[in-house]
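The exercises that follow ask you to read a protein model step by step, and each task is followed by a worked solution.

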Amino acid sequence: MSERIERDFFQRDPEEQKAFLEQTWCDSCMEVNLGMEEPAEYELKNTVFIEGKCKRCGAVVLTEITEDDF
Ligand SMILES: [Zn+2]
């Protein structure tokens, strides 16, 4: 079992936060950059994820961050 490690999204640079909140992909709307709200950041299996809710439909949107972007 992998452990989910909570990280603090709000420790990120404000510009970076803004970019992550705007640059999204919603599986439900099938559209990019609808934006997300209530972001939560965590690490799982050496990958960082930012999870939030789609601003349009409220579905969970997940952004995966590759190691280069840490
Ligand atoms: Zn959506």
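**Exercise 1.** Which residues make up the largest nonpolar core?

*Solution.* The model is a predicted one, and its largest nonpolar core has 11 residues, namely Phe9, Phe20, Cys26, Cys29, Leu34, Met36, Val48, Ile50, Cys54, Val61 and Ile65. Turning next to the strands that contribute, we find that strand 5 and strand 6 (60-65) each supply at least two residues of this core, and that strand 5 gives the most, with three residues. One member, Met36, can then be followed further: leaving aside residues up to four places away in sequence, Met36 touches Phe20, Leu21, Thr24, Ile50, Glu51, Gly52, Lys53, Lys55, Val61 and Thr63. As background, nonpolar side chains in soluble globular proteins tend to be buried together.

**Exercise 2.** Determine which protein atoms bind the zinc ion, and explain why their arrangement is called tetrahedral.

*Solution.* Begin with the donors, which are the SG atoms of Cys26, Cys29, Cys54 and Cys57, lying 2.2 to 2.4 Å from the zinc ion. The angles that these four donor atoms subtend around the zinc ion run from 106 to 118 degrees; because four donors count as tetrahedral if all angles lie between 85 and 135 degrees, the arrangement is tetrahedral. Along the sequence, the spacing of the donor residues is C-x2-C-x24-C-x2-C. Cys29 lies in the loop between strand 2 (25-26) and strand 3 (31-32), whereas Cys54 belongs to strand 5 (residues 47-54), so this pair ties together parts that are 25 residues apart in sequence. Finally, Cys54 is buried, its relative accessible area being 1%.

**Exercise 3.** Work out the order of the strands in the open sheet, and then place helix 1 against that sheet.

*Solution.* Four strands form the open sheet in the order 1-4-5-6, with antiparallel pairing. Strand 1 (5-7) and strand 6 stand at the edges with a single partner strand each, so one side of each is left without a neighbour in the sheet. On average, neighbouring strands are turned by 30 degrees against each other, direction ignored. Within the sheet, strand 4 (residues 36-44) and strand 5 pair over seven bridges in the antiparallel sense, and Glu37 stands opposite Lys53 in strand 5. Helix 1 packs on the sheet, where it touches strand 4, strand 5 and strand 6, and its direction makes about 105 degrees with that of strand 4.

**Exercise 4.** Is Gln17 buried or exposed?

*Solution.* Gln17 is located in helix 1 (residues 14-22). Its relative accessible area is 14%, and because buried means under 20%, Gln17 is buried. Not counting residues up to four places away in sequence, Gln17 touches Phe9, Phe10, Gln11 and Arg12.

Note on methods:
Residues are numbered from 1 along each chain as its sequence is written. This is a predicted model: local features need pLDDT of at least 70, side-chain atom pairs count only at pLDDT 80 or more; totals for chains, interfaces and linings use all residues. Side-chain values use heavy atoms; hydrogens and water are left out. Donors are N, O and S atoms within 2.8 Å of the metal (3.2 Å for Na, K and Ca); water is not among the atoms, so sites may look incomplete. Four donors count as tetrahedral if all angles lie between 85 and 135 degrees; four count as square planar and six as octahedral if opposite donors are over 155 degrees apart and all others between 65 and 115; anything else is irregular. Buried means under 20% relative accessible area, exposed over 50%, partly exposed in between (1.4 Å probe, protein chains only). Contact means heavy atoms within 4.5 Å. A nonpolar core is a set of buried Ala, Val, Leu, Ile, Met, Phe, Trp, Tyr and Cys residues joined through side-chain atoms within 4.5 Å. Two strands pair if DSSP finds at least two bridges between them. Axes are lines fitted to C-alpha atoms, for helices over the stretch in contact, and angles run from 0 to 180 degrees between N-to-C directions.
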